[in-house]
Amino acid sequence: MSTIDLTPLYRTMVGFDRMASLIDSASRLDGTQGYPPYNIERVADDAFAIEIAVAGFAEEDLEIETNDNLLTVAGKKSQGEDGEERQYLHRGIAERGFLRRFQLADHVIVTGASLKNGLLRVELVRELPEAKKPRKIEIGEKTGTKSKPKLIDGDKKEASAA
């Protein structure tokens, strides 16, 4: 397996160290990334959902945490209620513990999670702050009065109200 040295990126890219770190962490994927399987779905323009197959896990066995644009889903199977060991002839349902991490884009937040039919669904939404939204700048004569930039979506709302 070949490894990529990203040290030159750190030396030549000022302010892009976060991007280089993401590339570096993505290149170090290990074989355990296959369990548990998951889907990422676009629900709307700024809404997403991650579905993770967690068959055999109860709500109290799962932990969801976000920290610095990193979503972490962990599962740890608790011992049987009666504490006795079960003897399997065939064990096809993996109930081993797992730790799954997802790197979230800027301004993406987790809005909720639900567990139904062995699928854990984590709802995400991208909320851009007002300062980051696109603005329309009007062209006019130079005068002493300053015109304020208008939100592009705001123009659509004003037009539909008229």
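These numbered points go through the fold, the two sheets and two loop residues of a predicted model.

1. Overall make-up. The protein chain holds 3 helices and 9 strands. Reading from the N terminus, the order is α-α-β-β-β-β-β-β-β-β-β-α. Two helices thus precede the run of strands, and a helix closes the chain.

2. Burial and surface. The protein chain has 162 residues, and 17% of them are buried. Its accessible surface is about 13000 Å². Carbon and sulfur atoms account for 52% of that surface.

3. Contacts along the sequence. Take the contacts between residues at least 6 apart in sequence. Of these, 50% link residues at least 24 apart.

4. The sheet of 4 strands. This sheet is open, its strand order is 1-2-7-6, and the pairing is antiparallel. Strand 1 (38–44) and strand 6 (108–116) are the edge strands, each pairing on one side only. From one strand to the next, the twist averages 20°.

5. Strands 6 and 7. Strand 6 runs antiparallel to strand 7 (residues 119–126), and 8 bridges join the two. One pair to look at is Val 110 with its bridge partner Leu 124 in strand 7.

6. The sheet of 3 strands. This second sheet is also open and antiparallel. Its order is 3-4-5. Strand 3 (62–67) and strand 5 (98–103) each have a single partner strand, so one side of each lacks a neighbour in the sheet. Neighbouring strands here are turned by 15° against each other on average, direction ignored.

7. Strands 3 and 4. The antiparallel pair of strand 3 and strand 4 (residues 70–75) is joined by 6 bridges. Asn 67 stands opposite Leu 70 in strand 4.

8. Backbone background. Strands in a sheet pair through backbone hydrogen bonds, in parallel or antiparallel fashion. As for phi, most residues other than glycine have a negative value. The next two points concern exceptions.

9. His 107. This residue is not a glycine, yet its phi is positive, about 70°. His 107 lies in the loop between strand 5 and strand 6. Is His 107 exposed or partly exposed? Its relative accessibility is 31%, so His 107 counts as partly exposed. The partly exposed class lies between the 20% and 50% cut-offs.

10. Asn 117. Here too phi is positive in a residue other than glycine, with a value near 55°. Asn 117 sits in the loop between strand 6 and strand 7. Its relative accessible area is 74%, so Asn 117 is exposed.

Terms used
Residues are numbered from 1 along each chain as its sequence is written. This is a predicted model: local features need pLDDT of at least 70, side-chain atom pairs count only at pLDDT 80 or more; totals for chains, interfaces and linings use all residues. Side-chain values use heavy atoms; hydrogens and water are left out. Two strands pair if DSSP finds at least two bridges between them. Axes are lines fitted to C-alpha atoms, for helices over the stretch in contact, and angles run from 0 to 180 degrees between N-to-C directions. Buried means under 20% relative accessible area, exposed over 50%, partly exposed in between (1.4 Å probe, protein chains only). Contact means heavy atoms within 4.5 Å. Accessible areas come from the Shrake-Rupley method with a 1.4 Å probe; for residues, only the protein chains shown count as cover.
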